[in-house]
Amino acid sequence: MITKKSPVPVNEQMYGDNPIAQRKTDLYKGEYVQSFVQKWDDLIDWEARASSEGDFFIRILKERGVKRILDVATGTGFHSIRLLRAGFDVISADGSPEMLAQAFENARRAGFIMRTIHADWRWLSRDIYNKYDAVICLGNSLTHLFSEQDRRKALAEFYAALHHDGVLILDQRNYDGILDDGFTSKHVYYYCGDNVSAEPEYVDEGLARFRYTFTDGSTFHLNMYPLRKEYTRRLMHEVGFQQIKTYADFQETHKVEDPDFFIHVAEKRYKNEERPVTILGKLGNLNYSTTVETAREYYNSSDADRFYATIWGGEDIHIGLYQSESDSIVEASRRTVKKMAGYVKNLNAQTRALDIGSGYGGSARFLVKQYGCQVGCLNLSEIQNQRNRECNQRDGISLAINVVDGSFEDIPMPDGSVDLVWSQDAILHSGNREKVFQEVHRVLAKNGQFIFTDPMQRATCPPEVVQPILDRIHLDSLGSIEYYQSLARDLGFREVGIQDLSSNLPVHYERVLREMVAQHHLLIRACTEEYLANMKAGLQHWVDAGQAGHLTWGILHFQRD
């Protein structure tokens with residue numbers, strides 16, 4: 001009788017005579033040989049990697065109410081096991097049976113029975129039948145796909161595996177930095193092994209060949225496709241993902257100059273899906289209206305955050321007052337703040353102020369530093385609020401400014417609790433401006449003041465002129481001076497003064513447009529081409545309508561009797 005022998009494990013990678021010519025998607029199947037897989041955990045250093053990424057992925061998943069997760073790039077199981085420990089229901093898939101075998105053993109030692117599936121992403125639906133709240137594809141894994149057709153097919157399969165409001169989390173190396181500036185990574189976030197070397201041996205636009213050297217002198221390679229960040233984001237959009245936020249080394253992109261890795265968090269849910277969004281904040285669950293949520297999603301996007309931080313400098317993000325051609329946006333914007341403060345009566349250290357739609361908090365810091373006020377900042381963008389808190393801490397005034405995530409349609413403050421409500425170019429984002437005025441009136445103390453600016457339309461503005469602007473900012477209408485006067489009068493506000501400063505509106509948007517062109521080399525590294533093109537068109541609509549006299553802008557000042 002002849003017995004069948006078990007297959008002999010393959011321990012050597014075979015690239016042939018010309019390794020850099022090996023550029024096919026299926027190559028990875030022969031790269032993860034058993035001897036390489038056995039050393040993979042030394043490369044990662046699980047303890048160091050867990051420390052470096054903290055609870056980043058766990059927090060993102062829990063914030064979205066995720067319970068069931070499909071890990072499509074399990075590797076040796078690092079993230080699957082961490083998520084199992086955190087209480088998630090995890091299915092672990094990978095294209096390498098050697099990796100899955102090692103992951104299963106790692107999970108067993110950790111006290112878990114891992115449910116594994118050997119699957120090729122391109123035909124994931126052939127092996128995966130259930131729907132998941134989240135799909136994670138981590139460890140720079142998408143880079144194994146060398147053809148665009150394969151990348152699109154894999155992303156489409158990930159999309160199909162998700163529930164209608166599911167999320168895809170996908171990471172990649174910062175290949176932009178490697179291709180444009182050379183390799184500088186110290187692999188302190190992903191490949192944390194102290195005595196392991198992971199660096200590119202050859203790089204061009206179609207191949208990044210990495211060499212991995214271990215302490216025993218053994219050397220292995222991986223041939224990967226160098227995905228550029230914006231290319232990856234574009235593919236994700238094109239297969240159907242509606243909203244994509246990109247992080248750099250587990251932080252906001254503006255905080256990291258030359259990151260090792262990018263992490264993309266892609267939402268399947270449609271932008272205008274009619275359902276309230278619940279955010280867990282300091283004050284509990286906040287239910288945002290569709291209009292407010294649309295604005296929140298926009299200002300939380302990495303594109304918007306990076307754009308405003310670059311153009312305005314991360315302090316004031318509102319229309320400025322211009323006195324000369326040489327005025328910078330920063331100078332003009334701060335001039336608006338000073339002028340508004342000058343109109344407020346009895347502004348001093350006893351003034352309890354609330355800035356609604358506070359953005360990055362520049363106005364609040366001015367009021368604290370110049371007048372000694374105690375200021376609350378209410379703003380719908382958690383991303384802007386975090387930058388606000390960091391700036392307050394930087395300036396040593398955190399105790400004087402309370403930053404709260406929330407909407408000015410439902411101000412989380414008691415009746416009669418503030419002396420001044422302040423707002424700059426934010427109320428237009430509300431779909432219920434009457435409710436905003438009602439809330440302002442409610443929280444103001446007797447004789448409290450309400451001062452704000454807002455881009456508005458004139459009563460004679462033709463609908464076809466303002467419609468492109470409304471389409472761009474997802475609104476049905478703009479306010480007007482007469483409309484706001486009527487709202488204030490009906491609620492019992494007394495008009496203190498109206499300063500029509502409309503000439504500054506087209507000047508400001510034209511200046512932003514000019515600065516955008518001048519800073520394009522910086523913006524293109526942080527924002528998508530689509531975002532910049534839409535922003536450019538939107539700014540031009542504001543300029544054209546403003547120069548034609550159809551729009552107005554100014555300072556509106558009311559007092560509660």
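What percentage of the 561 residues in the protein chain is buried? Buried residues (under 20% relative accessible area with a 1.4 Å probe, protein chains only) make up 57% of them.

Before going further, a word on the source: this is a predicted model, where local features need pLDDT of at least 70, side-chain atom pairs count only at pLDDT 80 or more, and totals for chains, interfaces and linings use all residues. Residues are numbered from 1 along each chain as its sequence is written, and side-chain values use heavy atoms, with hydrogens and water left out.

The protein chain has 21 helices and 22 strands, taken as DSSP runs (H or I of at least four residues for helices, E of at least two for strands) and numbered from the N terminus. Look at contacts (heavy atoms within 4.5 Å) between residues at least 6 apart in sequence, and 72% of them join residues at least 24 apart. The accessible surface comes to about 24200 Å², with 49% of that belonging to carbon and sulfur atoms; the area is from the Shrake-Rupley method with a 1.4 Å probe.

Now for a helix pair. Helix 12 (residues 302–312) and helix 21 (residues 529–547) have axes that come within 10 Å and cross at roughly 60°. Those axes are lines fitted to C-alpha atoms over the stretch in contact, and angles run from 0 to 180 degrees between N-to-C directions. The two helices are therefore oblique to each other, oblique being what remains once angles under 35 degrees (roughly parallel), over 145 (roughly antiparallel) and 65 to 115 (roughly perpendicular) are set aside. From helix 12, Asp303, Ala304, Phe307 and Tyr308 meet Tyr531, Leu532 and Met535 of helix 21. Sorted by class, that contact has six nonpolar, no polar and one charged residues. Here Ala, Val, Leu, Ile, Met, Phe, Trp, Tyr, Cys and Pro count as nonpolar, Asp, Glu, Lys and Arg as charged, and the others, Gly among them, as polar.

On to single residues. Asn385 sits in helix 15 (residues 382–394) and is buried, at 0% relative accessible area. Leaving out residues up to four places away in sequence, Asn385 touches Gly359, Asn379, Val403, Val404 and Asp405.

Then there's backbone phi. Most residues other than glycine have a negative phi, but these two are positive:

| Residue | Phi | Place |
|---|---|---|
| Asp425 | near 55° | loop between strand 17 (418–424) and helix 16 (433–443) |
| Asn447 | about 70° | strand 18 (residues 444–453) |

Asp425 counts as buried at 12% relative accessibility, whereas Asn447 is partly exposed at 42%, a class that lies between buried and exposed (over 50%).
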